[in-house]
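Trainee: Hi! Could you walk me through this structure? I'd like to start with what sits inside.

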Amino acid sequence: MKKAVKNILAVALIGSMALSMTSCSKIKPVSTKDFEKAIEEVFDCDDKDDEFFEYEGKDYEYVGYSDNNIYVVCYVYDDEDDAYDAFDDIYDEYEDMMDDKDFEGKSKAVFTDTYGYITLNGEADTKGWMDDEIYGGFYFSGDTFITVMTTSTSDKKVNLVKDFLNEIGYPKP
C-alpha cells in the first residue's frame with residue numbers, strides 16, 4: 001500500500017514538473033520585415049509615418065514604433081552573442097529591481113542560452129532604469145532582441161500592446 005502511494009506521488013510529481021516546463025514556451029526570432037508588418041497591422045502605421053523608425057548599422061539593424069507611451073522595437077544583430085548580451089543587461093536590471101522590491105505587480109522571467117523573456121504588468125520605481133507603470137516585456141531569441149511596452153494604464157494602449165504581442169506570437173504579461 002505504501003509503495004503504491006509513493007508511486008502515485010512520484011508520477012504526479014513528474015507530471016507537474018513536465019507541465020511547468022512546457023508552460024515556459026520557447027519564443028522564435030522575428031525578422032525586421034515581419035516586425036514592420038506587425039507595426040503596420042496593429043498601429044495602422046507605415047514607414048512614412050513620423051512614429052515609425054528604422055536603422056541599418058554595421059553590426060545590427062532595427063525597426064520600431066513609438067507614440068504616446070507605446071514603444072516597440074526589434075533589433076536584429078549580425079552576431080547572436082550581441083542579442084544575448086543586450087537581454088542579459090536587461091535581465092540584470094530586472095533582477096536588481098526585484099531584489100530591491102522596486103516593482104509592484106505581476107512579472108515573469110525566463111532566460112536560457114538561446115531565448116528569454118521578461119514580462120511586466122505593474123509599477124516600477126527604480127529611480128533610473130524604470131520609474132513608471134509598465135505593461136509589456138523584453139524578449140530575446142537567437143539574433144533578435146525586442147522591446148514591446150506601454151507606460152500608460154489606458155485600456156486602449158494596453159490592448160494595443162496585447163494585440164501586437166499576439167501578432168508576433170510572443171507571451172503577454
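Trainee: Which residues touch the most other members in the largest nonpolar core?

Mentor: This is a predicted model, so please read everything here as computed. The largest nonpolar core has 28 residues, and those touching the most other members are Phe35, Ile39, Phe43, Val72, Val148, Phe164 and Ile168.

Trainee: Which helices and strands each supply at least two residues of this core?

Mentor: Two helices do, H2 (32-43) and H4 (155-168). The strands are S2 (60-67), S3 (70-77), S5 (115-124), S6 (133-141) and S7 (144-150).

Trainee: Is there a general idea behind such a core?

Mentor: Yes, in soluble globular proteins, nonpolar side chains tend to be buried together.

Trainee: Let's take one member. What does Val72 touch, leaving out residues up to four places away in sequence?

Mentor: Val72 touches Phe35, Ile39 and Phe43, as well as Phe53, Val63, Gly64 and Tyr65. Its other contacts, with that same sequence limit, are Thr147, Val148, Met149 and Phe164.

Trainee: And what lies apart from the largest core?

Mentor: Another core, of 18 residues, lies apart from it. Its members include Met97, Phe103, Ile118 and Phe145.

Trainee: Back to the helices. At what angle do the axes of H2 and H4 cross?

Mentor: They cross at roughly 145°, and the axes come within 10 Å. H2 passes H4 in a right-handed crossing.

Trainee: Which residues meet there?

Mentor: From H2 you have Phe35, Ala38, Ile39, Glu41, Val42 and Phe43. From H4 they meet Leu160, Asp163, Phe164, Glu167 and Ile168.

Trainee: How many of the residues in that contact are nonpolar, polar or charged?

Mentor: The contact of H2 with H4 has 8 nonpolar residues, 3 charged ones and no polar ones.

Trainee: Still on H2: is Thr32 buried or exposed?

Mentor: Thr32, which lies in helix H2, has a relative accessible area of 16%, so it counts as buried. Not counting residues up to four places away in sequence, Thr32 touches Glu61, Val63, Cys74 and Val76.

Trainee: Now the strands, please. How many bridges join S1 to S2?

Mentor: There are 5 bridges between S1 (residues 52-56) and S2, and these strands run antiparallel. Phe53 has Gly64 in S2 as its bridge partner. A hairpin through 3 residues connects S1 to S2.

Trainee: How many bridges join S2 to S3?

Mentor: S2 and S3 are joined by 8 bridges and also run antiparallel. One bridge pairs Val63 with Cys74 in S3. These two strands form a hairpin with 2 residues between them, and Asn68 in the turn has a positive phi of about 45°.

Trainee: What about Asn69, what is its phi?

Mentor: Asn69 has a positive phi of about 70°, although it is not a glycine. You will find Asn69 in the loop between S2 and S3. Its relative accessibility is 47%, so Asn69 counts as partly exposed.

Trainee: One last residue. Where does Asp44 lie?

Mentor: Asp44 is in the loop between H2 and S1. Its phi is near 50°, a positive value in a residue other than glycine.

Trainee: Why does Asp44 count as exposed?

Mentor: Because its relative accessibility is 68%, and exposed means over 50%. Asp44 still touches Ile39 and Asp49, not counting residues up to four places away in sequence.

Trainee: Thanks, that helps!

Key: Residues are numbered from 1 along each chain as its sequence is written. This is a predicted model: local features need pLDDT of at least 70, side-chain atom pairs count only at pLDDT 80 or more; totals for chains, interfaces and linings use all residues. Side-chain values use heavy atoms; hydrogens and water are left out. A nonpolar core is a set of buried Ala, Val, Leu, Ile, Met, Phe, Trp, Tyr and Cys residues joined through side-chain atoms within 4.5 Å. Buried means under 20% relative accessible area, exposed over 50%, partly exposed in between (1.4 Å probe, protein chains only). Helices (H or I, at least four residues) and strands (E, at least two) are DSSP runs, numbered from the N terminus. Contact means heavy atoms within 4.5 Å. Axes are lines fitted to C-alpha atoms, for helices over the stretch in contact, and angles run from 0 to 180 degrees between N-to-C directions. A crossing is left-handed if the near helix is turned anticlockwise from the far one by less than a right angle, and right-handed if clockwise. Ala, Val, Leu, Ile, Met, Phe, Trp, Tyr, Cys and Pro count as nonpolar, Asp, Glu, Lys and Arg as charged, and the others, Gly among them, as polar. Two strands pair if DSSP finds at least two bridges between them.
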